[in-house]
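Me: I would like to learn how to read a structural model feature by feature, taking the general idea before the particular case. Could we work through one together?

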Amino acid sequence: YGNFSSKVLKKSGFTLIEVITVSGIMALFSITLISVFMASFRGGTKSQLIQRIRQDGDYALTSMSREIKKAAKIDNCGADLQLTLADGSVIKYWLSVDRIASDSSFLTGTAGKAENLNFSCYVGQIGNQIVTMSFTITGGTVTSQAQEKLSQEFATSVSTREH
């Protein structure tokens, strides 16, 4: 045994310090990879929400513009709009809780909350009526941060055809 104690035993393997160091590096790498993935996911979700909000707003503007052009008379203009078409039918647009509504359906979907719907009307130089409409659609938050709340404003002016 005397000979054995004087020799240094060499064991193969890693020391505790090496294992802790490698574990720490792997943890940092994993955290970085997860944060990049989550940022990419949030960006994709935000893009989809912006696209849906724009589609909703554009659809509402297009639908209302089409009917305003066909209107023979504008009966009410302000927070809501009431049109009388050439065939005598009446269409009304208003803000119903958080969506823009007409007599037959909603013009905006559930992607965002419609707000500040406003119509202003005046008579043009040739006797036609001109309607300026504006509204905002605010989307839900993508993250818990308040600055991530999305908002898109929509506005246009439309003239009735002279009948």
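Reply: Let us begin with accessibility, since we shall lean on it throughout: a residue is called buried when its relative accessible area is under 20%, exposed when it is over 50%, and partly exposed in between. With 38% relative accessibility, K70 therefore counts as partly exposed. Please keep in mind that the model before us is a predicted one.

Me: What share of the residues of the protein count as buried, and how many helices and strands are there?

Reply: Of the 163 residues, 29% count as buried. The protein has two helices and seven strands, and from the N terminus on the elements run α-α-β-β-β-β-β-β-β.

Me: How should I judge the end-to-end span of α2?

Reply: One compares the span expected at 1.5 Å a residue with the distance between the end C-alpha atoms. Helix α2 covers residues 16-70, and its 55 residues should span 81 Å, which agrees with the 81 Å that separates its end C-alpha atoms.

Me: Which residues of α2 are buried?

Reply: The buried residues of α2 are L49, I53, D56, G57, A60, L61, S63, M64, S65, E67 and I68. By contrast, I34, which also has its place in α2, is exposed, with a relative accessible area of 53%. I34 belongs to a nonpolar surface patch of about 440 Å², which it makes together with F37, M38 and F41.

Me: Why might residues three or four places apart in a helix point the same way?

Reply: An α-helix has 3.6 residues a turn, so residues with that spacing point the same way. In this model K70 and E67 are three residues apart in helix α2 and are thus separated by about one helical turn.

Me: What kind of contact does K70 form with E67?

Reply: The general idea is that side chains of opposite charge can pair when their charged atoms come close. K70 and E67 form a salt bridge in which the closest N and O atoms are 3.5 Å apart. E67 counts as buried because its relative accessibility is 14%, whereas K70, at 38%, counts as partly exposed.

Me: How many salt bridges are there by this rule?

Reply: The count comes to three salt bridges. Besides the pair in the helix, D75 forms a salt bridge with K73, with the closest N and O atoms 3.5 Å apart; here D75 is partly exposed at 34% relative accessible area, and K73 is partly exposed at 48%. There is also a salt bridge between K92 and D80, with the closest N and O atoms 3.4 Å apart. K92 lies in strand β3 (residues 90-96) and D80 in the loop between β1 and β2, so this pair ties together parts that are twelve residues apart in sequence. D80 is buried, with a relative accessible area of 18%, while K92 is partly exposed at 28%.

Me: Which element holds W94, and how far apart are the C-alpha atoms of W94 and A79?

Reply: W94 lies in strand β3 and counts as partly exposed, at 28% relative accessibility. Although W94 and A79 are 15 residues apart along the chain, their C-alpha atoms are separated by 6.9 Å.

Me: Turning to the disulfide, which residues does it join?

Reply: The structure holds one disulfide, and it joins C77 to C121 with an S to S distance of 1.9 Å. This pair links distant parts of the chain, with C77 in strand β1 (residues 71-77) and C121 in strand β5 (residues 112-123), 44 residues apart. The torsion about the S-S bond is about 90 degrees, so the disulfide is right-handed. C77 is partly exposed, with a relative accessible area of 31%, and C121 likewise counts as partly exposed at 32%.

Me: How many aromatic pairs does a search of the whole structure find?

Reply: The search finds one aromatic pair. It is formed by F135 and F154, and it counts as stacked, with 5.2 Å centre to centre and 20 degrees between the planes. This pair links distant parts of the chain too, as F135 is in strand β6 (residues 129-139) and F154 in strand β7 (residues 151-159), 19 residues apart.

Me: Are F135 and F154 buried or exposed?

Reply: F135 counts as buried at 2% relative accessibility, and F154 counts as buried at 7%.

How values were computed:
Residues numbered from 1 in each chain as written. Predicted model: local features only at pLDDT ≥ 70, side-chain atom pairs only at ≥ 80, totals over all residues. Heavy atoms only, no water. Disulfide = S-S within 2.5 Å. Helix = DSSP H or I, 4+ residues; strand = E, 2+ residues; numbered from the N terminus. Buried < 20%, exposed > 50% of the residue type's maximum accessible area, 1.4 Å probe, protein only. Patch = residues over 30% accessible without salt bridge, like charges linked within 9 Å, V, L, I, M, F, W, Y side chains within 5 Å. Areas by Shrake-Rupley, 256 points an atom, 1.4 Å probe, with all protein chains shown as cover. Salt bridge = Lys/Arg side-chain N within 4 Å of Asp/Glu carboxyl O. Expected span 1.5 Å × (residues − 1). Phe/Tyr/Trp six-rings, centres within 6.5 Å; stacked < 30°, edge-to-face > 60°.
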